[in-house]
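Here is a guided walk through a model, meant to be read with the structure open beside you. Take it one chain at a time, then look at where the chains meet.

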Amino acid sequence: MRARIRALTDGAATGLAVLATVLVVAPLVAIFAYLIYKGASSLSWAFFVETPKPVGEVGGGMANAILGSAILLGVGSLIGVPVGIAGGIFLAEFGRGTKLANAVRFTADVLNGVPSIVMGIAVYSLIVVPQGHFSAFSGGVALGIMMVPTVCRTTEEMLLMVPNSVREAALALGVPNWRSVLAITLKTASPGIITGCMLAFARVAGETAPLIFTAFGNVGWNTRLNEPMAALPLQIYVYALSPYDDWHRLAWAGSLVLIVLIVLAVSLVRYVTSRGVLKGAS
Amino acid sequence: MNVRVPEIRLSKLQFQTEPAQQNGENHVKAVSAEAAQIRAYLLSRGNSAIADRGFRWLMVLCALSIFGIVVLIATQLVVRSKLAWAQFGLDFFYKVFIDPNTHKPMYWDPVNGHFSALPFIYGTLVSSFLALLLAVPLAIGVAVFLTEMCPQSLRAPLAFITELLAAIPSVIYGFWAYIVLVPLLRDHLNPWLIKGFGWSGFFGDDNPTGLGFLAAGIVLAIMILPIISSLTREVMTAVPQSQREAVLALGATRWEMIRVGVLRNARIGIVGAIILGLGRALGETMAVTMVIGNSPEIQRSLLANGSTMSAVIANEFAEASGDLHLSALMELGLALFIVTIIVNAFARLLVWAVTRGEPSRAG
């Protein structure tokens, strides 16, 4: 009797776990498929080459927003990637096991969880208020700050995967430490670090909240860092809440572009980490 | 005399071509001469102590910049929210202005200068806990299935999907919810809930839009599910295999093994994963802003419109009317910052307590 109850409980628990997985995976896959279907059916050549049209006119695209996003992400990467990689080098090469490194690692993880909108208003008060107007530069800074913790932690992880014998071999040849770190360790881990940066890049590419009060958005072309600039997620946000079907279509297409970017980044990271960092580089 | 020639290859030293033929005193002389040459060569290159130290400090500086970012955010928010703090003090977080004429509470009235954070704190808490309520059982179920029951071939694709879904931007989830989920709630789920559970007061029928706390809670649940489940999975994988084997060896069924051997060992880390999900939900902005309805009110009904701390900032910040309004929004941001820092720090500590030694993989 007891054994039967135990067997039944076991079966019930297994069933519940399977049920939970189905309940989670099915809708998530459905959402994903819906996004791709909607995006693919809305995508057109005009999306990539035209600027938004005024309300009422059919057509138009998000070319200015794509360019804007690229510029904003470029500025962000210029700030976030070098600082993040350097922080990661410190964590993995110099600070192993020290209290400072633990504190930095912990702060980076915590900073990762700070809402992006808080970053947005902090950068607003830091740059937009003194400047007196919204600017692409402030948006780039906000994105850059958000990249730092992610890049830092990924770099550390990838560097930790490099075996110590490689470092020892470099040092035994009399190579100065800084060169051994840059030319040997970092280079060995570079596929992983590059894809890690891409992941941070793709995540930040979809951030809307920090851009609302920094880059602000723009309906026309702009390449000047000192002026408000359009960005893909901002444009999606505005168009999504509009009542016009045509604008919804553009928003779906924009979503698809972001999703493709993310799928690429995530699968690259998966590929590199599963293959092992070392095989391609040594 | 059997002194060995040092195996250093400097192309200009000719003796290295035929070291075997040397012997006796000549040999000793040659060795000392060559050692001097090597020393001179090495000295001429200089040592790299300065470069090394400089490089090291540069890296330390960049690592310290992470503290710098935190301090920078905190000081900016504190400075800009001074005005609201001076005006309202702590009352901001719990007091509500009651209109003397209508006897109705005025929670957030930028025109007349009445600001209270209460409806936003309420909205944030209700939507986040609703999300946890929906997401936690499912996330743990998924994690148990993936770590303990799933066939090997299914594990990688499922893990890949969850990772992918965790990376989809908030604004896209919000867009999807606005177009698909909200009409679904409006036409099907809400009428059913009102009919079945309207008596409880949690499902009032005075909001025909489909927007509201429930919609926000569901979107948030979808968004935090992948995070909670992947962290739970990580914690469960960190439980040593011997624990499982020991429990199985005592004759336990698989579920008993999971309950006693795995879940009980990993419970602190699982709590950490849940709190981390809570931290995400508290600060989530775009998706919530798009579906919660954005009205600063406190209502019992989960189907009513509400607003959250992050949503009101996203909505009103760019066109804030006056310094006090801006300052009040900044103070909301500061509160959000402090709360999420505490929640995240606590959660990280719990997760670290379990996975100590292995670097954490999930974001």
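**A walk through two chains**

Let's start with helix 2 of chain B, residues 49-80: its 32 residues reach 45 Å from the first C-alpha to the last, close to the 46 Å expected at 1.5 Å a residue. Bear in mind throughout that this is a predicted model. Helix 2 of chain B also has a kink of about 30°, centred on I66(B). Which residues of this helix are buried? The list is F55(B), M59(B), C62(B), A63(B), I66(B), I69(B), I73(B), Q76(B), L77(B) and R80(B). If you're wondering about the spacing in that list, an α-helix has 3.6 residues a turn, so residues three or four places apart point the same way.

And what covers those buried residues? Much of the answer sits in the other chain: the cover includes helix 3 (63-94), helix 4 (99-112), helix 5 (116-131), helix 6 (136-160) and helix 8 (177-188) of chain A, together with helix 13 (323-355) of chain B.

One of those covering helices, helix 6 of chain A, is home to P149(A). Is P149(A) buried or exposed? P149(A) is buried, because 26 other C-beta atoms lie within 10 Å, and the cut-off for buried is 20 or more. Leaving aside residues up to four places away in sequence, P149(A) touches A108(A), L111(A), N112(A) and I66(B). The last of these is the residue at the centre of the helix 2 kink in chain B. Within its own chain, P149(A) has its C-alpha 8.9 Å from that of V110(A), although the two are 39 residues apart along the chain.

Now step back to chain A as a whole. Chain A has 13 helices and 0 strands, and its C-alpha trace spans about 70 × 70 × 35 Å along the principal axes. Of its 282 residues, 53% are buried. Among contacts in chain A between residues at least 6 apart in sequence, 74% join residues at least 24 apart.

The domain assignment splits chain A into domain 1 (2-42) and domain 2 (48-281). Their centres, taken over C-alpha atoms, are separated by 32 Å. How many residues make the contact between them? There are 6 residues of domain 1 of chain A in contact with 6 residues of domain 2 of chain A. On the domain 1 side, they divide into 3 nonpolar, 2 polar and 1 charged.

Two more spots in chain A are worth a click. Helix 9 of chain A (residues 190-205) has 16 residues and reaches 22 Å from end to end by C-alpha, close to the 22 Å expected. Helix 9 of chain A is mostly covered, with 13 of its 16 residues buried. Then there's F216(A), in the loop between helix 10 (209-212) and helix 11 (232-240) of chain A. F216(A) has a positive phi of about 70° although it is not a glycine. Most residues other than glycine have a negative phi. F216(A) counts as buried because 22 other C-beta atoms lie within 10 Å.

Over to chain B, which has 13 helices and 4 strands. Buried residues make up 43% of its 363 residues. Residues 24 or more positions apart account for 78% of the chain B contacts with a separation of 6 or more. Its domain assignment gives domain 1 (1-46) and domain 2 (81-355), with 72 Å between their centres over C-alpha atoms.

Chain B has a positive-phi residue too: N294(B), at about 55° and again not a glycine. N294(B) lies in the loop between helix 11 (286-291) and helix 12 (309-316) of chain B. N294(B) is partly exposed, because it has 19 other C-beta atoms within 10 Å.

Next, the packing. The largest nonpolar core has 195 residues, and A177(B), A215(B), V219(B), I224(B), I228(B), V291(B) and L332(B) touch the most other members. Helix 8 of chain B (residues 213-237) gives the most to this core, with 17 residues. Look around V291(B) for an example: the residues it touches include G174(B), A177(B), Y178(B), L211(B), A215(B) and V219(B).

Finally, how do the two chains meet? The contact takes 76 residues from chain A and 70 residues from chain B. Helix 1 of chain A (residues 2-42) supplies the largest share of the chain A side, 20 residues. That side of chain A divides into 56 nonpolar, 13 polar and 7 charged residues.

Notes:
Residues numbered from 1 in each chain as written. Chains lettered and ligands numbered in written order. Predicted model: local features only at pLDDT ≥ 70, side-chain atom pairs only at ≥ 80, totals over all residues. Domains from an automatic or database assignment. Contact = placed C-beta atoms within 7 Å. Nonpolar A, V, L, I, M, F, W, Y, C, P; charged D, E, K, R; others polar. Buried ≥ 20, exposed ≤ 12 C-beta atoms within 10 Å, placed from the backbone. Expected span 1.5 Å × (residues − 1). Bend = angle between axes of the 7 residues up to and from the residue. Core = buried A, V, L, I, M, F, W, Y, C linked by C-beta atoms within 7 Å.
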